[in-house]
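Please open the model in your viewer and keep the selection panel at hand, as this tour goes from one selection to the next.

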Amino acid sequence: MHLFLVIALLVIVSALYSYLNARFLKLPGTIGIMALAICGSVLTIVVDNLDPNAAKYLTMLAKNINFSSTVLNIMLGFLLFASAFNVNVRKLKREVRPVLLLSTLGVIISTAIFGILLYYVVRLVDVKIPYVYCLLFGALVSPTDPVAVGAIIRSSKLPSNLSTIISGESLFNDGIGLVLFITLLEVTRTGYENIDFGHAVLLFVREVFGGVALGAATGLLAYRLMFSIKDFQTIVMVSLALVMANSLIAEMLDFSIPLSVVTAGLLAGGRSINADNKEHSHEALEKFWELIDEMLNTMLIVMIGLQMINLPYIKNYWITGAIGIAVIIIARWVSIALPMTFLRRSLNMSYSNVSILTWAGVRGGITIALALALPASPYRHFILSGSYFIVIFSIIVQGLTLNRVINAAYREKA
C-alpha cells in the first residue's frame with residue numbers, strides 16, 4: 001500500500017470520527033473518538049466477513065500501519081514534546097517530590113504487585129503464565145501514558161495540584177518503565193540465572209541520565225536560538241528540529257528518547273521567548289504545539305481502535321482481559337497508597353487523593369506499541385490482548401467516570 005494512501009486514509013478517517021464526535025456524540029475528544037474507532041473496527045470486521053471488497057480500504061489501512069514503529073519512532077517524540085512544552089513548570093516544581101516518587105518507585109511497586117496478583121489469579125480460571133511474563137506484562141501497563149492522560153484530565157474537574165502530579169508523573173515514568181520492560185524481556189530470553197544486574201544498572205543509568213542530559217543541552221540551546229530571532233516561522237522550525245534531533249541522537253546513543261524529549265520540552269517551554277519585538281511569539285508557539293498534540297492524539301486514538309482488526313484472537317481473552325483490568329487498578333492503588341503511608345507529610349497529600357490518582361492513571365498507545373514489539377512466544381497473545389483491554393477500559397470507562405470519582409472523593413473529605 002502506497003505511503004501517501006496510508007497517510008491520506010488515516011487523516012480522512014480521523015477527521016470523520018472527530019467530526020462525528022463533535023457534531024453528534026459531543027464526548028471529550030479522546031473518549032468519543034476511541035468509541036467511534038472501536039465501533040468502526042467492529043463494523044469493518046463484520047462487513048469484511050460478509051464481503052471483503054466492501055471494507056478493503058479500512059482493512060488495508062489497519063494492516064499496513066506498523067503501529068509499534070509509528071508510535072515509538074515517529075509520533076511519540078512530538079507528542080511528548082508538545083505535552084512537556086505546555087506544562088506549567090512552576091507548578092511542576094512545587095509537586096516535584098510526588099512526581100518523582102510515583103514515576104520511579106510507584107512504577108516498580110505497581111509492576112511487582114501486578115505480576116504477583118496476576119500470576120495467582122489467572123490460575124483460578126485455569127490459565128498458567130510464568131511469573132516473569134506476568135512481571136513483563138506489569139512493566140507494560142504500569143507506566144501511565146502522557147498522551148492519554150493529558151487528553152483525559154484536560155476535560156476533567158481535577159484539582160490543580162493533582163493535575164500537575166498526574167501530568168508530571170506520566171511524562172517521566174516511561175524511562176523507568178522502559179528499562180524494566182527491557183530487563184524483564186532479557187530475563188525471558190536468558191533465564192533468571194543468567195541476568196547481568198550490573199549491565200541492567202548500567203543500562204538504566206545510560207538511558208535515564210543520558211536522556212536527561214541530552215534533552216537539557218539541546219533544550220537550552222534551542223531556547224537561546226528561539227529567543228535571539230524575530231521570525232516566527234524560523235522559531236517553529238527550530239522547535240521541530242529540536243524534537244527530531246533529540247530522537248535521532250538519543251536513538252544512536254541508546255539514551256531514553258522519552259526522557260530526552262520531555263526534558264528538552266520543559267527547558268525550551270519553561271521560560272518565555274517573548275521580547276519587545278515579538279510579544280506573542282511564545283503564546284503562538286504554545287498554540288502551535290497544542291494543535292500538533294491534538295491532531296496526532298486523534299490519529300493515535302484512531303490507530304488504537306483500528307488495531308482490533310489486527311487482533312482476531314482477542315475474543316479468546318475476555319476473561320483474562322477483565323482480570324488484567326482489575327489487577328492493574330489494584331496495583332496502581334497500592335503503588336500510590338504504600339509510599340504515601342510512609343511519606344505522607346513530606347508529600348503534603350491526603351488519603352482522599354489516592355482514589356483520584358488511581359483512577360486518573362490512564363494507559364494508551366505506548367502500552368500497545370510495546371506489547372506489539374514483543375517477540376513471538378506462547379504468551380504474546382495473552383499479553384497483547386490484555387494490554388488492549390486495559391487501554392480501552394482506561395480511556396473510555398475511567399475517562400468518562402473520572403469526574404464522578406473526583407466528586408465522590410471530595411464529598412467524603414467534606
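Begin with the empty space inside: the structure holds two cavities of 30 Å³ or more, a cavity being a set of points on a 1 Å grid over the protein atoms alone where a 1.4 Å probe fits but cannot get out, with grid points joined across faces, edges and corners and the volume taken as the space filled by probe spheres set on the points. This is a predicted model, in which local features need pLDDT of at least 70 and side-chain atom pairs count only at pLDDT 80 or more, while totals for chains, interfaces and linings use all residues. Residues are numbered from 1 along each chain as its sequence is written, and side-chain values use heavy atoms, with hydrogens and water left out.

Select I328, I329, R332, T358, R363, I390, F393, S394 and Q398, which line the largest cavity, lining residues being those with an atom within 4 Å of a point. The volume of the largest cavity is about 50 Å³. Helix 18 gives the largest share of its lining, four residues, where helices are DSSP runs (H or I, at least four residues) numbered from the N terminus.

Stay with R332, and add E169 to the selection: the two form a salt bridge, their closest N and O atoms being 2.6 Å apart, where a salt bridge means a side-chain nitrogen of Lys or Arg within 4 Å of a carboxyl oxygen of Asp or Glu. R332 lies in helix 15 and E169 in helix 10 (residues 160–190), so the pair ties together parts that are 163 residues apart in sequence. Both R332 and E169 are buried, that is, under 20% relative accessible area, whereas exposed is over 50% and partly exposed in between (1.4 Å probe, protein chains only).

Next, select E186 and R189, which form a salt bridge with the closest N and O atoms 3.9 Å apart; both lie in helix 10, three residues apart, about one turn of the helix. E186 counts as partly exposed because its relative accessibility is 34%, and R189 counts as exposed because its value is 56%.

Now return to helix 18 and pick S385, which lies in this helix. S385 counts as buried because its relative accessibility is 0%. Leaving aside neighbours within four places in sequence, S385 is in contact (heavy atoms within 4.5 Å) with Y313, I314 and Y317.

Finish at I304, which touches M34, F67, G364, G365, I368, Y388, V391 and I392, not counting residues up to four places away in sequence.

Terms used:
1 Å grid on protein atoms, 1.4 Å probe; cavity = no way out; pocket = protein on both sides within 12 Å on 5 of 7 lines; lining within 4 Å. Helix = DSSP H or I, 4+ residues; strand = E, 2+ residues; numbered from the N terminus.
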